[in-house]
Amino acid sequence: MPVSPATSLYDVVLAVHVMAVVIAFGVTFAYPIMFAVGARRDPRSLPVLHRIEYTIERTLINGGLVLVLAAGIFLASDGHHWSEFFVQWGLGAVVVIGAVLGGVMIPTAKRAETLAERDIAAAGDGPIEMSAEYGALTRRLATVGSLLSALVLITILFMAIKP
Ligand code: HEM
């Protein structure tokens, strides 16, 4: 099947765009399992799990988001898609995800790390009981994280079906 150079570059960048989506967001769907197992099996692992959480957000997700955006801009320009709804939606999604990561998820995970360390230190060698304050922070992380995951899934749906 003959392909023009322009067509194949578009296809390669489309593949990069989808790879960046997988790299940026794939791991986030495993967070609930990671924290449920950590809390149940070894609460002393919670501070390091929060550190892993916000380090992933600062590096992998932020970097992936930049790549999703850069590849998306190329696709929208090369394919003349700028006026289409799914592109406007994608831009909005990238802005919202970036803002919520930097404004809520990363600072809240850092605070949760500090509080988990405090609660664990307060327990000494005895049984660990996490504070209500820590519980409130992890509920916020779970709720906002689920909303972001839903936004990612809806965006994939809109990109694929182009309503
Ligand atoms: C969280 C943000 C985003 C996600 C999860 C996402 C996801 C996807 C996926 C899965 C596809 C493949 C769909 C298919 O080929 O059927 C796609 C295609 C595409 N995306 Fe995105 N995208 C995002 C952001 C953006 C942004 C910001 C732009 C533009 C600035 C953009 C522009 C495009 C374009 C033009 C296509 C190609 C459509 C086609 O040729 O069929 N995307 N996106």
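These legends go with close-up views of a predicted model.

**View 1. The iron atom of the ligand and its two protein donors.**
Here we're looking at the iron atom of the ligand, which takes NE2 of His17 and SD of Met159 as its protein donors. Those two atoms sit 2.1 to 2.4 Å from the iron. Six donor atoms make up the site, and with angles of 83 to 179° among them it comes out as octahedral. The pair ties together distant parts of the chain: His17 belongs to helix α1 (residues 5–25) and Met159 to helix α5 (residues 132–161), 142 residues apart. His17 has a relative accessibility of 12%, so it counts as buried, the cut-off being under 20%. Met159, with a relative accessible area of 25%, is partly exposed.

**View 2. Who sits around the ligand.**
Zoom out a little and you'll find 25 residues surrounding the ligand. Tyr10, His17, Gly72, Met159 and Lys162 are the closest of them. Tyr10 puts a polar side-chain atom 2.5 Å from an oxygen atom of the ligand. Lys162 also pairs up with a ligand oxygen atom, through a side-chain N or O atom at 3.0 Å. For His17, the partner is a nitrogen atom of the ligand, 2.8 Å from an N or O atom in the His17 side chain. Helices α1, α3 (46–78), α4 (85–123) and α5 are the elements that each give two or more residues to this shell. What kinds of residues make up the shell? By class, there are 19 nonpolar, five polar and one charged.

**View 3. Val13 on helix α1.**
Staying with helix α1, this view picks out Val13. Its relative accessible area is 15%, so Val13 falls under the 20% cut-off and is buried. Not counting residues up to four places away in sequence, Val13 touches Ala71, Phe74 and Leu75. For a sense of scale, the C-alpha atoms of Val13 and Val68 are separated by 9.9 Å, although the two are 55 residues apart along the chain.

**View 4. His50 and its partner Tyr134.**
His50 is a helix α3 residue. Buried or exposed? With just 1% relative accessibility, His50 counts as buried. Its side chain makes a polar contact with the side chain of Tyr134, at 2.6 Å. Leaving aside neighbours within four places in sequence, the contacts of His50 are Phe35, Ala109, Ala112, Glu113, Tyr134, Thr138 and Leu141.

**View 5. Arg58, also on helix α3.**
Arg58 is placed in helix α3. At 42% relative accessibility, Arg58 counts as partly exposed. Which residues does Arg58 contact, leaving aside neighbours within four places in sequence? They are Ile106 and Lys110. Ala30 is 28 residues from Arg58 in sequence, and the two are 17 Å apart in space, C-alpha to C-alpha.

**View 6. Thr114 on helix α4.**
The last view goes to Thr114, which lies in helix α4. Thr114 has a relative accessibility of 42%, so it counts as partly exposed. If you'd like a distance to go with it, try Asp42: the C-alpha atoms of Thr114 and Asp42 are separated by 17 Å, with their positions 72 residues apart along the chain.

Methods. Residues numbered from 1 in each chain as written. Predicted model: local features only at pLDDT ≥ 70, side-chain atom pairs only at ≥ 80, totals over all residues. Heavy atoms only, no water. Donors = N, O, S within 2.8 Å, 3.2 Å for Na, K, Ca; no water. Tetrahedral: all angles 85-135°; square planar, octahedral: opposite > 155°, others 65-115°. Helix = DSSP H or I, 4+ residues; strand = E, 2+ residues; numbered from the N terminus. Buried < 20%, exposed > 50% of the residue type's maximum accessible area, 1.4 Å probe, protein only. Near = heavy atom within 4 Å. Polar contact = N/O pair within 3.5 Å; in protein donor to acceptor, adjacent residues only side chain to side chain. Nonpolar A, V, L, I, M, F, W, Y, C, P; charged D, E, K, R; others polar. Contact = heavy atoms within 4.5 Å.
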